[in-house]
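Colleague: I would like a close look at a single part of this complex, the nonpolar core and the helices around it, with enough of the rest to place that part in its setting. Could you take me through it slowly, in one connected account?

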Amino acid sequence: MDLSRRELLAAAGRFIVLSGAALEAFESPTGALAADSKYKMADHWWAMTIDIEKCIGSGNCVRACALENEVPEGFFRTWVERYEVNGEDREHPQVESPEGGIHGFPARNKPGVKSFFVPKLCNQCAHSPCVQVCPVGATYVSPDGVVLVDQQYCVGCGYCVQACPYGCRYLHPTKHVADKCTLCYHRITKGLTTACCEACPTGARRLADLKNPKDPVHEFLRVNAVQVLKPEMATGAKVFYKDLDGSVR
Amino acid sequence: MHAIPSGVQGFMYPNEVQLTWSVLIVLYPFITGLVAGAFILASLARVFHIVAVQPIYRLSLLTALAFLLVAPLPLQLHLGHPERSFEMYMTPHKTSAMAMFGFVYLWYLLVVLLLEIWLDYRRDIVLLARSRTGVMKWIYSALTLGSRNIDAKSLHVDDRVGWTVTLIGIPSAFLLHGYVGFIFGSIKANPWWSTPLMPVVFIFSAMVSGIAVVLLVYETVTYVRKRPIDMACLDTVAKYLLYIFLVDFSLEMLDLIHRMYEASESFRTLDFMVHTQLYVSQILLQIILGTLVPVSLLALVQVVKLRAILRRRIYALAAALTLIGIFAMRWNVVIGGQLFSKSFLGYTTYKMAFAAREGLLPAIALLILPFLFLWVLLKLLPPWAEQKAG
């Protein structure tokens, strides 16, 4: 194929402009994957509901999250805890989360002991202590209510890890920046649900959009006894647990 | 099949097993505390006109500077991305306590310490620039910053401005270390840290450690130089050390009693931790060896008449133990605050590396470095009375 110099330059120019635009579309300035073009952040306020009764501790959610988000070994964006509460000693529940519950839990039946599973993840707090303390503003709440980390900007000081009351953050061992659950932001902004919700075999976890009047979350919050973790922390947590036992921390 | 991670007792949230802040973050409040304390000791002579401590005025300033130069290094070494640390200056996050470190540090370094030292030494620097030859002449000439007028009027201006700078310096020293305490005290997620007393305890413990380090440096330097020590000065410094130590210890006990009496949700967990993981560093090193013993030694000198040589040795021992105690206190705050789960259901263990970036070796190097800086500063800007007189 013969190209004149003018045609070659024009083609090169088009290539540069288009590839730049493609990159821009693929990557937002925050480093997070770009939202669907129809997606309007102002129309959403993301949250999650968890039905303790429905969780069977399969660990599917932990595995799905690890695969979807390439979570480094030994760290967890979500995990499952098994609580065993003796009725007479409610202040000292037996809690375990072997490898974050990624392989599920061995069956166990202790007579007289209440046993249940508690899935945990970032609570996407509206008044997030981790956002408050970040010295460079690398951690922020997106306009649609998700706490995210700009990993191109994070200095890796670990102050946010200390500030999170729920143990949801860690320093990524190879990227050396803060890492945490993004509520699968790359998925939910494309109209999908999170990997953990999709993998949950019993529907114990459900993604919720508090700004969507048709979202079942409103009915869920209205008819059930709902609690957030550590309400005394006043973080504006947006992961709502149905029938959360008072012993859970 | 499901083994509990090694070093874990009970239940930790899975991301809590490894500590986020290492021994380097222990050094950070320890070193900034020495800076603030040494400066406040210097201010006793300058602002409060305590004549007895005049002989160590300059030594205190240089000690403060030597440690201040090292203060940001442990933080820098700890950061996952140290190359991005300038972002804290360029785009500080206004709600973050940590974001203010750079500004507080620069204010203290440039506006307070360097300016005060320069004003106090300006006459000496000009004289040294005139008398020295070769490279040293060039260095001293540069240090004059072009200000070579040392007539009486000019020196009087230096003195007045220096006094004002020291006056600003006292609240600045409080700010520097109180601020470091606030970094920990404002973390509501951590009951071991979260107390409004934290900045106050940090300030008083800073004064204690700063006075102790200057006392030790003064004794060492006089011994090495084979010069007579000013016992009146030493006695006064030791007296201040005792008084401030008593305030510091009372504040820490107040915090402890308050926690015990309140016995809130976290108390049992923290109490167990103090009696197990932190037993050596908290009970033995911080409280007994690092507080009760030096306080008793310093008090003994106040009530029993002892010979100068014995007093001198007691002061050195008390100061050394004080530094161990304050280091243990920083350790117990930083490391202790990460050993228990925020679920209050378990404990983890701190495994300190040796030659790694955040290991013991760099920590030791960072503790030696200020003394090397101080040695250079003492050579460059001799604080001795005989030089000043000349």
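Modeller: A nonpolar core is a set of buried Ala, Val, Leu, Ile, Met, Phe, Trp, Tyr and Cys residues joined through C-beta atoms within 7 Å. With that in hand, and keeping in mind that this is a predicted model, we can say that the largest such core has 180 residues, and that those with the most contacts inside it are V35(B), A64(B), I211(B), V214(B), L215(B), V237(B) and L241(B). The element that gives the most to this core is helix α1 of chain B, residues 23-46, which contributes 18 residues. In soluble globular proteins, nonpolar side chains tend to be buried together.

One member of that list, L241(B), can be followed in detail: once its neighbours within four places in sequence are left aside, L241(B) is in contact with V208(B), I211(B), A212(B), L215(B) and L298(B). The last of these partners, L298(B), is also one of the buried residues of helix α11(B), together with Q282(B), L285(B), Q286(B), I287(B), G290(B), T291(B), P294(B) and V295(B). Helix α11(B) itself spans residues 279-303 and bends by about 40° at L285(B), and L285(B) is among the buried residues of the helix. The cover over the buried residues of α11(B) includes α9 (231-262), α10 (267-275) and α12 of chain B.

The helix α5(B) offers a second view of how such residues are covered. This helix runs over residues 101-131 of chain B, and it bends by about 55° at Y121(B). Its buried residues are F101(B), Y108(B), V112(B), L113(B), E116(B), I117(B), L119(B), D120(B), Y121(B), R122(B), I125(B) and L128(B), a list that contains charged residues, such as E116(B), D120(B) and R122(B), as well as nonpolar ones. Among the elements that cover them are α1, α2 (57-70), α4 (87-90), α6 and α7 of chain B.

Not every residue of α5(B) is buried, and F103(B), which has its place in this helix, is a useful contrast. F103(B) is partly exposed because 13 other C-beta atoms lie within 10 Å, and a count of 20 or more would be needed for a residue to be buried. The C-alpha atom of F103(B) is separated by 7.4 Å from that of Y89(B), although the two residues are 14 apart along the chain. Further towards the outside we can place D151(B), which lies in the loop between α6 (134-143) and α7 (152-185) of chain B. D151(B) counts as exposed because it has 7 C-beta neighbours inside 10 Å. From C-alpha to C-alpha, D151(B) is 9.1 Å from R123(B), and the two are 28 residues apart in sequence.

How far the predictor trusts these parts should be stated alongside them. Chain B averages a pLDDT of 94, with 97% of the residues scoring at least 70; among the elements of chain B, helix α12 (residues 308-334) has the highest mean, 98, and helix α15 (residues 385-389) the lowest, 58. For the complex, the predictor gives an ipTM of 0.92 and a pTM of 0.90.

The setting also includes chain A, where 37 residues are in contact with 31 residues of chain B. On the side of chain A that touches chain B, at least two residues each come from β3 (89-96), α3 (129-133), α4 (159-163) and β7 (170-171), and the largest share, four residues, is from α4(A). By class, this side has 24 nonpolar, nine polar and four charged residues.

Within chain A, four strands form an open sheet of mixed pairing, in the order β9-β1-β11-β10. Strands β9 (205-209) and β10 (226-227) stand at its edges with a single partner strand each, so one side of each is left without a neighbour in the sheet. Strand β1(A), residues 46-51, runs antiparallel to β9(A) and is joined to it by five bridges; W46(A) has D209(A) as its bridge partner, while I50(A) stands opposite R205(A). Although β9(A) is at an edge of the sheet, four of its five residues are buried, so this strand is largely enclosed by the rest of the structure.

Terms used:
Residues are numbered from 1 along each chain as its sequence is written. Chains are lettered from A and ligands numbered from 1 in the order in which they are written. This is a predicted model: local features need pLDDT of at least 70, side-chain atom pairs count only at pLDDT 80 or more; totals for chains, interfaces and linings use all residues. Two residues are in contact if their C-beta atoms, placed from the backbone, lie within 7 Å. A residue is buried if 20 or more other C-beta atoms lie within 10 Å of its own, exposed if 12 or fewer, and partly exposed in between; C-beta atoms are placed from the backbone. Two strands pair if DSSP finds at least two bridges between them. pLDDT is the predictor's confidence in each residue, from 0 to 100. The bend at a residue is the angle between axes fitted to the seven residues ending there and the seven starting there.
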